[in-house]
Each structure stands twice: as structure tokens, then as C-alpha cells.
Amino acid sequence: MKLNRVMGPCWLGCRRERVPVKWFGPIRTRDGDGDMFACDDCLVTVERMVSEQLARRDTDDLRSRSTVHRTYL
């Protein structure tokens, strides 16, 4: 993974120009593949959103297992 910062535009929420950005991942469009870059502030936001999504997924999994378990008792 490319971890070095470069100066450039943030491709995520803030859309700031000429800020230190890190490679965020590949992006695929109908025209081809490219590299996506984001600033630290936007990456923190994305990481928080992913953590919240994973927590919800874990909660949903536990809830569905609990329902299935009770069904068979």
C-alpha cells in the first residue's frame, strides 16, 4: 500500500486543493481504473464510518443468531 503523502487535492468530502494526501485506494469507473487520494481529516471520517458499519453488522449478526437460536428451543 502506498503510504507516502503527496501534495494534491483531496478526493473525498473536503475537496481541498494542495493539501498533504495519502493513497486511499483504487477506484474503478466505466472509463478505467485510477488512484484515489484523501487528506488525514477525511480518512479519519471514513475510518469512523467503517467502524460504525462493522459495529452495526456485528449487532445485526448477534441479533439474528439470537433469533435463530430461540426458534429452535
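# Exercises on a nonpolar core and its sheet

In this predicted model, the largest nonpolar core consists of nine residues, namely Cys10, Leu12, Val19, Val21, Met36, Ala38, Cys39, Cys42 and Leu43. The elements β2 (19-29), β3 and α1 (40-71) each contribute at least two residues to this core.

**Exercise 1. Establish the secondary structure of the chain and the order in which its elements follow one another from the N terminus.**

Step 1. The secondary structure amounts to one helix and three strands.

Step 2. Read from the N terminus on, these elements follow the pattern β-β-β-α.

**Exercise 2. Work out in which order the three strands form the sheet, and which of them are the edge strands.**

Step 1. Begin with the pairing of β1, which covers residues 6-8: this strand runs antiparallel to β2, with three bridges between the two, and within this part of the sheet valine 6 stands opposite valine 21 in β2.

Step 2. Turn next to β2 and β3, which are antiparallel and are joined by seven bridges; lysine 22 stands opposite alanine 38 in β3, and the two strands form a hairpin with two residues between them.

Step 3. Combining the pairings gives an open sheet of three strands in the order β1-β2-β3, with antiparallel pairing. The edge strands are β1 and β3, since each pairs on one side only. From one strand to the next, the twist averages 50 degrees.

**Exercise 3. Decide whether methionine 36 counts as buried or exposed, and describe its surroundings.**

Step 1. Locate the residue: methionine 36 belongs to strand β3, which spans residues 32-38.

Step 2. Apply the cut-off, under which a residue is buried if its relative accessible area is under 20%. Methionine 36 has a relative accessibility of 14%, and therefore counts as buried.

Step 3. List its contacts: if neighbours within four places in sequence are left aside, methionine 36 is in contact with Trp11, Leu12, Lys22, Trp23, Phe24, Gly25 and Ile27. Leu12 is also a member of the largest nonpolar core, as is Met36 itself.

Step 4. Check one of these contacts through the backbone: phenylalanine 24 lies twelve residues from methionine 36 along the chain, and the C-alpha atoms of the two are separated by 5.3 Å.

Step 5. Place the result in a wider context: in soluble globular proteins, nonpolar side chains tend to be buried together.

**Exercise 4. Identify what leucine 43 touches when residues up to four places away in sequence are not counted.**

Step 1. With that exclusion, leucine 43 touches Lys22, Phe24 and Ala38.

Step 2. Compare this with the core, of which both Ala38 and Leu43 are members.

**Exercise 5. Characterise the chain as a whole by its burial, contacts and exposed area.**

Step 1. The chain has 73 residues, of which 16% count as buried.

Step 2. Among contacts with a separation of 6 or more, 27% are accounted for by residues 24 or more positions apart.

Step 3. The exposed area is about 6300 Å², and carbon and sulfur atoms supply 55% of it.

Conventions. Residues numbered from 1 in each chain as written. Predicted model: local features only at pLDDT ≥ 70, side-chain atom pairs only at ≥ 80, totals over all residues. Heavy atoms only, no water. Helix = DSSP H or I, 4+ residues; strand = E, 2+ residues; numbered from the N terminus. Buried < 20%, exposed > 50% of the residue type's maximum accessible area, 1.4 Å probe, protein only. Contact = heavy atoms within 4.5 Å. Core = buried A, V, L, I, M, F, W, Y, C linked by side-chain atoms within 4.5 Å. Pairing = 2+ DSSP bridges. Axes fitted to C-alpha atoms, helices over the stretch in contact; angles between N-to-C directions. Areas by Shrake-Rupley, 256 points an atom, 1.4 Å probe, with all protein chains shown as cover.
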